[in-house]
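Colleague: I am new to reading models of this kind, and I would like to go through the terms one at a time. Could you show me the structure, and then let me ask what stands behind each word?

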Amino acid sequence: MSNNYNLIADISMQVQKSLNETAGIGIKAIRPELNSDRIDGIVNRISSEAFENVKWLLNEPVKNFSQSVIDDSIKANSEFQGKAGLTPRIVRKLSGECCEWCARLAGKYTYPDVPPDVYRRHQRCRCTVDYDPGSGKVQNVHSKQWKTKDESDKIEVRKLIGLNASDIEVQRHIREDIIPNCNIDSI
């Protein structure tokens, strides 16, 4: 898992450096700290029982740890940019049938007013967390994929197609919450 951390942290820094240069931001990329407590917890659990009982720990928990390195990288860089006077935003969106914990964290946050748990994920969590440096592009914190704001808005509108809500309610949601001043017919 230390190797996963090193690989992911290095790539995250390279991506952040490239993004900063593209956006004309002369700020260095920040490397996230290694969360050795998470590694120790998984290793201790694996070593405490018969392998057949704990082999599942080498699947989803390791994936979750690896994804958390990306989350920590975005958090560290967002905090650094916020302290440098920029106004990065973090947007957490629900995906599917979400738990109450995820539902409480969903929303839009501007630094420095970002809850510490907004980047966290639990086992099998598929919520998205987007980083918006204000350059017109947004990055999915977990997958590291970049999209233009226009692409993200269109995807959100498409997610609403076929919902069992009234047309008026869906259109209100699109206009007020997702993309203000949107022409629904153009999407």
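Modeller: What follows is a conversation about this predicted model, in which each term is set beside the value behind it.

Colleague: Then let us begin with the whole chain; which helices and strands does it have, and in what order do they run?

Modeller: The secondary structure comes to seven helices and five strands, and, read from the N terminus, the elements run α-α-α-α-β-α-β-β-β-β-α-α. Of the 187 residues in the chain, 35% are buried. Among the contacts with a separation of 6 or more, 53% are made by residues 24 or more positions apart.

Colleague: Why is Y109 called buried?

Modeller: The word buried is kept for residues under 20% relative accessible area, and Y109 has a relative accessible area of 15%, so Y109 is buried. The residue lies in strand 2, which covers residues 107-110.

Colleague: What is Y109 in contact with, once its neighbours within four places in sequence are left aside?

Modeller: Its contacts are then P88, R89, I90, R104, V114, P115 and V118. Y109 also belongs to the largest nonpolar core, whose nine residues are I74, I90, Y109, Y111, V114, V118, Y119, V129 and Y131. A second, separate core has seven residues, among them Y5, A9, I39 and F65. As a general background, nonpolar side chains tend to be buried together in soluble globular proteins.

Colleague: What makes the approach between Y109 and L105 a polar contact?

Modeller: A polar contact needs a pair of N or O atoms within 3.5 Å, and here the backbone oxygen of L105 lies 2.7 Å from a polar atom of the side chain of Y109. The distance of 2.7 Å is therefore within the cut-off of 3.5 Å.

Colleague: How do you know that strand 1 and strand 2 are paired?

Modeller: Two strands pair if there are at least two bridges between them, and strand 1 and strand 2 are joined in the antiparallel sense over four bridges, so the condition is met. Within this pairing, R92 stands opposite G107 in strand 2.

Colleague: And how many bridges link strand 1 with strand 3?

Modeller: Strand 1, made of residues 89-93, and strand 3 pair over five bridges, again in the antiparallel sense. In this pairing V91 stands opposite D130, while R89 stands opposite D132.

Colleague: Why is strand 3 described as largely enclosed?

Modeller: Strand 3 spans residues 128-132, and four of these five residues are buried, so the strand is largely enclosed by the rest of the structure.

Colleague: Let us turn to helix 2; why is R38 called partly exposed?

Modeller: Partly exposed is the range between the 20% limit for buried and the 50% limit for exposed, and R38, at 30% relative accessibility, falls in between, so it counts as partly exposed. S36 counts as partly exposed by the same reasoning, because its relative accessibility is 35%. Both sit in helix 2, as R38 has its place there, within residues 36-48, and S36 lies in helix 2 as well.

Colleague: What makes R38 and S68 a polar contact?

Modeller: Their side chains make this contact at 2.9 Å, and the cut-off is 3.5 Å, so the distance is within it. Leaving aside neighbours within four places in sequence, R38 is in contact with N64, F65 and S68. S68 is also one of the residues that lie nearest the centre of the second largest pocket, together with N35, D72, K75 and R120.

Colleague: How much space lies in that pocket, and which helix gives the most to its lining?

Modeller: About 500 Å³ of space lies in the second largest pocket, which is lined by 19 residues. Helix 4, residues 60-83, gives the most to the lining, with seven residues.

Colleague: E60 lies in helix 4 too; is it buried or exposed?

Modeller: E60 has 10% relative accessibility, which is under the 20% limit, so it counts as buried. Not counting residues up to four places away in sequence, E60 touches Q123, R124 and R126. E60 and Q123 are 63 residues apart in sequence, and yet their C-alpha atoms are 6.9 Å apart in space.

Note on methods
Residues numbered from 1 in each chain as written. Predicted model: local features only at pLDDT ≥ 70, side-chain atom pairs only at ≥ 80, totals over all residues. Heavy atoms only, no water. Buried < 20%, exposed > 50% of the residue type's maximum accessible area, 1.4 Å probe, protein only. Helix = DSSP H or I, 4+ residues; strand = E, 2+ residues; numbered from the N terminus. Core = buried A, V, L, I, M, F, W, Y, C linked by side-chain atoms within 4.5 Å. Contact = heavy atoms within 4.5 Å. Polar contact = N/O pair within 3.5 Å; in protein donor to acceptor, adjacent residues only side chain to side chain. 1 Å grid on protein atoms, 1.4 Å probe; cavity = no way out; pocket = protein on both sides within 12 Å on 5 of 7 lines; lining within 4 Å. Points joined across faces, edges and corners; volume = space filled by probe spheres on them.
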